[in-house]
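User: Please take a close look at a single buried position and its surroundings. Then place it in the wider chain.

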Amino acid sequence: MEEAPPPPPRRDASGSREPLSDPGLCRYCRRHPRKQPGPRGGRPGEYCTTVWAVDERGREVTCARLDEADQISFAAYGPAMPGLDVAVVGRDVSRALAEITPLQRTLTALDERLGAEVAEARARVAEAEAAAADAEARASAAETSAAAAEVVAAEAAERAEAAEARAREAEERAASERTQAQRAIADRLTAEGEIRQLRERLDQVETEQRQAAEAAAARIEELAAAAAARATEAEAAHARARQLETDLRDLATQHHEDLERLRARHDQALAEEREKHRQARDEHDQRITALREQHETALAAARDRITELVTTAARAEAAATEARTTARTSEAAAARLGALREGVLTALAEPAADLSARLRALLAGTAAPVGGEGHEG
């Protein structure tokens with residue numbers, strides 16, 4: 001911020017200026033150090049080198065010129081300068097600037113606070129999105145578990161199909177053994193028929209072919225033994241077929257029970273994962289709704305605060321405008337003081353015959369506009 005021009009030094013009741021607290025400071029502004037001597041040495045100056053403004057003629061307004069104008073105005077008007085009090089104006093400007101500076105700091109702090117609140121709201125939204133991503137990951141894991149369960153069920157189905165294939169093979173073997181048993185029974189029946197035929201023939205030729213009858217008897221015994229052996233094999237084949245049928249029924253029952261258990265586990269796991277996914281989605285929606293409401297409330301409060309600050313800034317701007325108007329009036333007064341000084345110097349440079357009259361005319365000419373501007377009546 002540009003530094004404001006200094007007011008004239010204060011004077012006591014007798015008109016003397018207050019003494020300097022630091023001899024090294026400027027005689028007029030009492031803010032900056034005095035001008036130091038050059039490399040060749042010499043005494044330090046009484047004023048600083050600060051340029052406070054440029055007048056309408058393009059000349060720099062320094063502390064030396066301001067001090068000279070203050071001395072002329074004090075010599076001409078005394079302690080109560082007519083028109084504008086530059087010191088009061090300077091103090092008013094400083095007071096206005098002092099009031100504006102906290103407002104600017106407050107605006108900066110509010111901007112930082114608003115930025116922090118927006119960043120926090122964005123962080124909460126990011127956290128909610130991360131929770132949603134986690135819920136989706138859990139749902140994906142549940143779907144993966146369900147797929148694994150389906151794979152297990154498919155493997156069980158494959159094993160069941162293999163068992164059914166083995167059962168079909170056993171049924172085929174049982175059918176083959178039944179065929180063999182039927183053939184053995186047929187052979188037995190054929191043998192029994194042959195035995196009956198042989199017995200009938202033996203009854204007919206018993207007296208004539210005794211030797212043939214003995215051979216036939218031996219043959220009969222061999223055939224009977226073979227028929228008994230085949231009958232035993234047929235009974236064993238029937239027993240094995242019945243055992244295979246029992247095993248097949250047991251395998252089929254166990255297969256159906258395993259399939260029912262696998263289906264029940266799969267349905268239960270799928271229902272649990274769906275319920276977890278639904279709960280996670282509901283929690284996520286609730287958190288998003290709460291965060292959105294908090295964010296909208298914070299934004300509404302921030303907007304209200306910004307409106308209030310804009311109103312305050314407008315008021316401060318109005319005060320600053322008034323201060324600038326006062327400063328321009330002060331500059332006009334300073335210009336008139338400069339004109340007075342130049343007139344005094346000109347009058348002093350001319351012959352002193354009518355010096356008093358010229359000075360009175362000059363004072364009347366410079367005092368009339370000032371009094372007309374701000375101190376009528």
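Analyst: D67 is found in helix α1. Helices here are DSSP runs of H or I with at least four residues, strands are runs of E with at least two, and both are numbered from the N terminus. This is a predicted model, in which local features need pLDDT of at least 70, side-chain atom pairs count only at pLDDT 80 or more, and totals for chains, interfaces and linings use all residues. Residues are numbered from 1 along each chain as its sequence is written, and side-chain values use heavy atoms, with hydrogens and water left out.

Start with burial. D67 has a relative accessible area of 0%, so it counts as buried. The cut-offs are under 20% relative accessible area for buried, over 50% for exposed, and partly exposed in between, with a 1.4 Å probe and protein chains only. D67 shares this state with C63, L66, A69, D70, I72 and S73 of α1, which are also buried.

Next come the partners of D67. Its side chain makes a polar contact with the side chain of R17, at 2.3 Å. A polar contact is a pair of N or O atoms within 3.5 Å; within protein, one must be able to donate a hydrogen and the other to accept it, and residues adjacent in sequence count only if both atoms are side-chain atoms. Contact in general means heavy atoms within 4.5 Å. Leaving aside neighbours within four places in sequence, D67 is in contact with R17, R27, Y28 and Y47. Take R27 from that list: D67 and R27 are 40 residues apart in sequence, yet their C-alpha atoms are 8.2 Å apart in space.

The charges extend beyond one pair. R11, R17, D67 and D70 are linked in a network of salt bridges. A salt bridge is a side-chain nitrogen of Lys or Arg within 4 Å of a carboxyl oxygen of Asp or Glu. R11 has another role as well: its charged end sits over the ring of F74, 4.0 Å from the ring centre. That label requires NZ of Lys or CZ of Arg within 6 Å of the ring centre and within 35 degrees of the ring normal.

Now the helix itself. Helix α1 covers residues 63–77, which is 15 residues. The expected span is 1.5 Å times one less than the number of residues. For α1 that gives 21 Å, and the end C-alpha atoms are 21 Å apart, so the two agree. Just after α1, G78 takes a positive phi of about 85°.

A positive phi also occurs before the strands. R30 has a phi near 55°, and R30 is a residue other than glycine. R30 lies in the segment before β1 (51–54). Its relative accessible area is 25%, so R30 is partly exposed.

Then the wider chain. There are four helices and two strands, in the order β-β-α-α-α-α along the sequence. Of the 377 residues, 22% count as buried. Among contacts with a separation of 6 or more, 57% are between residues 24 or more positions apart.

The structure holds 18 salt bridges. Some lie within other helices. In α2 (residues 86–205), the side chains of R124 and E120 meet at 2.9 Å, N to O. They are four residues apart in that helix, so about one helical turn separates them. R124 is partly exposed at 32% relative accessible area, and E120 is partly exposed at 42%.

Helix α3 (residues 210–349) offers two further cases. R219 forms a salt bridge with E222, the closest N and O atoms being 3.7 Å apart. These two are three residues apart in α3, so about one helical turn separates them. R219 is partly exposed, with a relative accessible area of 45%. The side chains of E275 and R278 meet in a salt bridge of 2.3 Å, N to O. E275 and R278 are three residues apart in α3, about one turn of the helix. E275 counts as partly exposed at 33%, and R278 is partly exposed at 42%.

To return to the starting point: D67 is buried at 0%, and D67 belongs to a salt-bridge network with R11, R17 and D70.
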